[in-house]
Amino acid sequence: MSRQVVRSSKFRHVFGQPAKADQCYEDVRVSQTTWDSGFCAVNPKFMALICEASGGGAFLVLPLGKTGRVDKNVPLVCGHTAPVLDIAWCPHNDNVIASGSEDCTVMVWEIPDGGLVLPLREPVVTLEGHTKRVGIVAWHPTAQNVLLSAGCDNVILVWDVGTGAAVLTLGPDVHPDTIYSVDWSRDGALICTSCRDKRVRVIEPRKGTVVAEKDRPHEGTRPVHAVFVSEGKILTTGFSRMSERQVALWDTKHLDEPLSLQELDTSSGVLLPFFDPDTNIVYLCGKGDSSIRYFEITSEAPFLHYLSMFSSKESQRGMGYMPKRGLEVNKCEIARFYKLHERKCEPIAMTVPRKDTVSRLEEDVRNLNAIVQKLQERLDRLEETVQAK
């Protein structure tokens with residue numbers, strides 16, 4: 001009886017392909033700020049990254065096709081008075097971007113088509129409500145003009161960007177300590193948070209109630225990040241008591257034990273998870289790492305399957321993740337990352353290998369030509385034999 005050793009998966013051979021030098025963004029000064037965010041945000045029109053700037057906080061916005069060496073005098077978005085900690089593009093308008101800063105404000109900007117010609121100092125709206133630095137901004141996935149922000153004042157605010165007013169507040173009574181991560185569910189009905197008090201919470205923001213809560217999903221003291229994945233599950237990254245990095249999958253209805261818990265390595269960088277709901281693949285990118293691991297999530301045990309790892313020589317300072325709308329799906333691209341080096345931003349395409357129809361036809365033509373040539377040689381030999389007789 002044959003026994004299947006390797007699990008069958010369409011994505012078992014997914015591989016990462018870094019862009020060529022002329023398709024990278026060279027000579028950019030990536031921010032030196034110590035903060036566990038991606039420092040980069042991309043959409044089908046623009047690439048934005050948080051950069052070093054004197055006299056306040058700034059970030060760089062470039063049209064996606066404007067690759068190569070970046071001019072040192074390129075105009076920046078520079079309205080904040082302190083370093084920028086997080087940026088996020090609006091999913092409903094590719095020209096609108098939000099930024100959170102150490103100056104306790106959230107600003108929403110409109111980038112003109114074609115990119116900036118002059119430095120942009122005036123935001124469309126300034127959202128003031130936090131009393132300490134704002135480290136997380138996240139747009140609602142389905143409702144337009146709804147933006148979430150989380151600050152070091154342990155407060156989560158949900159804003160109506162159209163009016164500039166905070167419509168929902170989750171105060172320190174919900175999160176008694178620093179908030180490490182916030183993620184919307186795919187339909188925007190719930191949010192998932194991780195906090196310094198070593199708890200992961202699933203919250204219904206309209207009611208302000210905690211729907212589910214897990215104490216110490218990882219035993220270590222380092223930051224935990226949590227994201228929603230398919231079918232009401234949550235994926236968390238954290239550290240064990242022995243400072244080994246871990247990834248765990250949880251069912252929000254039964255948080256007593258993880259569906260899957262895997263130990264990865266002993267690096268110190270916090271793992272940032274990026275989930276693709278179309279393929280059920282989660283990508284783990286560690287700040288300071290030189291690799292991207294990816295896992296497939298399935299509905300049967302053991303639920304979390306390691307696929308492979310993309311490795312390179314240089315470590316990453318941050319990471320941007322392209323929405324599906326911006327991928328070249330005709331080239332079998334299922335994800336694209338924008339890896340921040342110290343002075344460079346490098347696109348990395350995740351591709352499912354497929355034998356191209358054209359190359360297969362070319363191979364068939366070559367085979368047919370070889371057969372025709374052999375048949376011609378046989379005919380020539382037969383003619384020579386007939387003539388000799």
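In what order do the 4 strands of the open sheet that holds S20 and S23 stand, and is their pairing parallel or antiparallel? The order is S20-S21-S22-S23, and the pairing is antiparallel. Strand S20, residues 225–228, and strand S23, residues 260–263, are at the edges with a single partner strand each, so one side of each has no neighbour in the sheet. On average, neighbouring strands in this sheet are turned by 15 degrees against each other, direction ignored. The model in which this sheet appears is predicted.

The pairing at one edge can be followed residue by residue. S20 runs antiparallel to strand S21, residues 233–239, and 4 bridges join the two. Ala 226, for instance, has Thr 236 in S21 as its bridge partner.

At the other edge, strand S23 contains Ser 260. Is this residue buried or exposed? Ser 260 has a relative accessible area of 8% and counts as buried, because the cut-off for buried is under 20%. When neighbours within four places in sequence are left aside, the contacts of Ser 260 are Val 247, Ala 248, Leu 249, Pro 302 and Leu 304.

One of these contacts, Pro 302, leads to another feature of the backbone. Pro 302 lies in the loop between strand S26 (291–297) and strand S27 (304–311). The peptide bond that runs from Ala 301 to Pro 302 is cis, and its omega is near 5 degrees. As a general rule, most peptide bonds are trans.

A second open sheet is also built from 4 strands, with the order S8-S9-S10-S11 and antiparallel pairing. Its edge strands are strand S8 (84–89) and strand S11 (125–128), each of which pairs on one side only. Here the average turn between neighbouring strands is 20 degrees, again with direction ignored. S8 and strand S9, residues 96–101, run antiparallel and are joined by 5 bridges. Within S9, Ser 101 is the bridge partner of Val 84. In general, the strands of a sheet pair through backbone hydrogen bonds.

Two loop residues have a backbone angle worth checking. Most residues other than glycine have a negative phi. Asp 27, in the loop between strand S2 (25–26) and strand S3 (40–42), has a positive phi near 65 degrees. Asn 145, in the loop between strand S12 (134–139) and strand S13 (146–151), also has a positive phi, of about 65 degrees, although it is not a glycine. How exposed are these two residues? Asp 27 is partly exposed, with a relative accessible area of 28%. Asn 145 is partly exposed as well, at 34% relative accessibility.

These details belong to a protein whose secondary structure comes to 1 helix and 30 strands. Its C-alpha trace spans about 105 × 60 × 35 Å along the principal axes. The protein has 389 residues, of which 51% count as buried. Among contacts with a separation of 6 or more, 47% come from residues 24 or more positions apart.

The surface and the charges complete the description. The accessible surface of the protein is about 19500 Å², and carbon and sulfur atoms account for 49% of that area. There are 46 positive and 50 negative side chains, and the centres of the two sets are 4 Å apart.

Conventions: Residues are numbered from 1 along each chain as its sequence is written. This is a predicted model: local features need pLDDT of at least 70, side-chain atom pairs count only at pLDDT 80 or more; totals for chains, interfaces and linings use all residues. Side-chain values use heavy atoms; hydrogens and water are left out. Two strands pair if DSSP finds at least two bridges between them. Axes are lines fitted to C-alpha atoms, for helices over the stretch in contact, and angles run from 0 to 180 degrees between N-to-C directions. Buried means under 20% relative accessible area, exposed over 50%, partly exposed in between (1.4 Å probe, protein chains only). Contact means heavy atoms within 4.5 Å. Accessible areas come from the Shrake-Rupley method with a 1.4 Å probe; for residues, only the protein chains shown count as cover. Lys and Arg count as positive and Asp and Glu as negative; His and the chain ends are not counted. The place of a charge is taken as NZ of Lys, CZ of Arg, CG of Asp or CD of Glu.
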